[in-house]
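Reader: I'm new to this structure and would like to learn how to read its features. Could you walk me through them, beginning with the open spaces?

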Amino acid sequence: MPDEQLREYLDKRDVDATPEPAGGGASGDEPRFVIQKHDASSLHYDLRLEVAGVLKSWAVPKGPSTDPRDKRLAMPTEDHPIDYADFEGVIPEGQYGAGTVIVWDTGTYVNVTTDGEGDAKPMQQAIADGHVSVRLRGHKLTGGYALHRTQMGDDREKWLLVKVDDDAADARRRPTSTQPESVLSGRTNEDLPGEGDAP
């Protein structure tokens with residue numbers, strides 16, 4: 001099943017020309033999440049949740065917030081392979097998503113989505129139904145977050161990412177601006193070599 005889910009990912013990439021993973025990676029005991037800061041044609045953050053052997057992905061233009069009042073647009077993108085969760089590097093010019101990528105935050109998550117009766121709802125069903133509730137255990141982000149599919153503007157599928165009002169909520173924090181570095185390497189996007197620079 002993951003191979004079929006990764007077809008769109010592989011169709012968009014020349015695996016001989018980009019350092020991105022070609023697929024694979026093993027799931028751990030707990031599902032992982034990763035937020036990658038991606039400076040491509042426009043700077044954005046890619047939220048990825050491990051679900052059924054792949055990383056379900058959304059592009060969040062403004063990045064995640066710790067303020068429950070903020071509703072951040074999240075555009076679904078193609079499923080990514082599990083080993084993409086550790087990817088940092090430069091996607092070359094001429095390739096899909098050309099630009100720099102760092103792992104801005106990562107950790108594990110707990111699915112806390114429930115149905116109308118309060119029973120646990122599996123992640124795949126929650127995504128299909130258009131509402132996901134998770135509790136993140138990351139380096140920069142912790143606590144509850146909700147993803148909700150919404151109808152706005154054109155026909156493209158859109159979601160909203162919102163921080164749950166819990167003990168980890170903080171309207172004063174601005175982690176995307178005050179903590180720009182990778183949690184894996186300590187580098188920022190600007191620290192990565194540019195096109196034509198020595199690696």
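Author: Happily! The idea behind looking for spaces is that rolling a probe the size of a water molecule over the atoms shows where empty space is left. This is a predicted model, and the lining of its largest pocket divides into nine nonpolar, seven polar and six charged residues.

Reader: How much space lies in the largest pocket, and which residues are the closest to its centre?

Author: The largest pocket holds about 400 Å³ of space. Of the 22 residues that line this pocket, His38, His44, Asp46, Ala59 and Tyr96 are the closest to its centre. Strands E2 and E4 (71–80) each supply at least two residues of the lining.

Reader: Aspartate 46 is in that list. Is aspartate 46 buried or exposed?

Author: Aspartate 46 has a relative accessible area of 5%. Buried means under 20%, so aspartate 46 is buried. You can find aspartate 46 in strand E2. Leaving aside neighbours within four places in sequence, aspartate 46 is in contact with Val34, Ile35, Gln36, His38, Trp58 and Ala59. Try one distance, too: from aspartate 46 to serine 57 is 6.7 Å, C-alpha to C-alpha, while the two are eleven residues apart in sequence.

Reader: What about valine 34, one of those contacts? Where is valine 34 placed?

Author: Valine 34 is in strand E1. With 0% relative accessibility, valine 34 counts as buried. Setting aside residues within four places in sequence, the contacts of valine 34 are Asp46, Leu47, Arg48, Ala85, Val103, Asp105 and Thr106. Valine 34 and leucine 147 lie 113 residues apart in sequence, with 15 Å between their C-alpha atoms.

Reader: Now for enclosed spaces. How many cavities of 30 Å³ or more are there, and which residues line the largest cavity?

Author: There is one cavity of 30 Å³ or more. The largest cavity contains about 80 Å³ of space. Lining this cavity are Ile35, Leu47, Leu49, Pro64, Val132, Val134, Leu136, Leu141, Tyr145, Ala146, Leu147 and Leu161. Strands E2, E7 and E8 each give at least two residues to the lining. By type, these lining residues divide into twelve nonpolar, no polar and no charged.

Reader: How should I read a nonpolar core, and which residues touch the most other members in the largest one?

Author: In soluble globular proteins, nonpolar side chains tend to be buried together. Here the largest nonpolar core has 22 residues, and Leu49 and Leu147 touch the most other members. At least two core residues come from each of these: strands E1 (32–39), E2 (43–51), E3 (54–60), E6 (99–111), E7 (131–138), E8 (142–150) and E9 (158–163), and helix H3 (123–129). E2 gives the most, with four residues.

Reader: Which residues does leucine 49 touch?

Author: Not counting residues up to four places away in sequence, leucine 49 touches Arg32, Phe33, Val54, Leu55, Lys56, Trp58, Tyr109, Met123, Val134 and Leu147. A second, separate core has twelve residues, including Leu6, Val54, Tyr84 and Ile91.

Reader: Let's turn to charges. How many salt bridges does the count come to?

Author: The general idea is that side chains of opposite charge can pair when their charged atoms come close. In this model the count comes to 15 salt bridges. In one of these, the closest N and O atoms of glutamate 30 and arginine 137 are 2.3 Å apart. This pair links distant parts of the chain, 107 residues apart: glutamate 30 is in the loop between helix H2 (7–11) and E1, and arginine 137 is in strand E7. Glutamate 30 is partly exposed at 39% relative accessibility, and arginine 137 is partly exposed at 40%.

Reader: Which parts does the salt bridge between arginine 187 and glutamate 88 tie together?

Author: Arginine 187 and glutamate 88 have their closest N and O atoms 3.4 Å apart. Arginine 187 lies in the segment after helix H4 (175–178) and glutamate 88 in the loop between E4 and strand E5 (89–91), so their pair ties together parts 99 residues apart in sequence. Arginine 187 counts as partly exposed at 31% relative accessibility, whereas glutamate 88 counts as buried at 16%.

Terms used: Residues numbered from 1 in each chain as written. Predicted model: local features only at pLDDT ≥ 70, side-chain atom pairs only at ≥ 80, totals over all residues. Heavy atoms only, no water. Core = buried A, V, L, I, M, F, W, Y, C linked by side-chain atoms within 4.5 Å. Buried < 20%, exposed > 50% of the residue type's maximum accessible area, 1.4 Å probe, protein only. Contact = heavy atoms within 4.5 Å. 1 Å grid on protein atoms, 1.4 Å probe; cavity = no way out; pocket = protein on both sides within 12 Å on 5 of 7 lines; lining within 4 Å. Points joined across faces, edges and corners; volume = space filled by probe spheres on them. Nonpolar A, V, L, I, M, F, W, Y, C, P; charged D, E, K, R; others polar. Salt bridge = Lys/Arg side-chain N within 4 Å of Asp/Glu carboxyl O.
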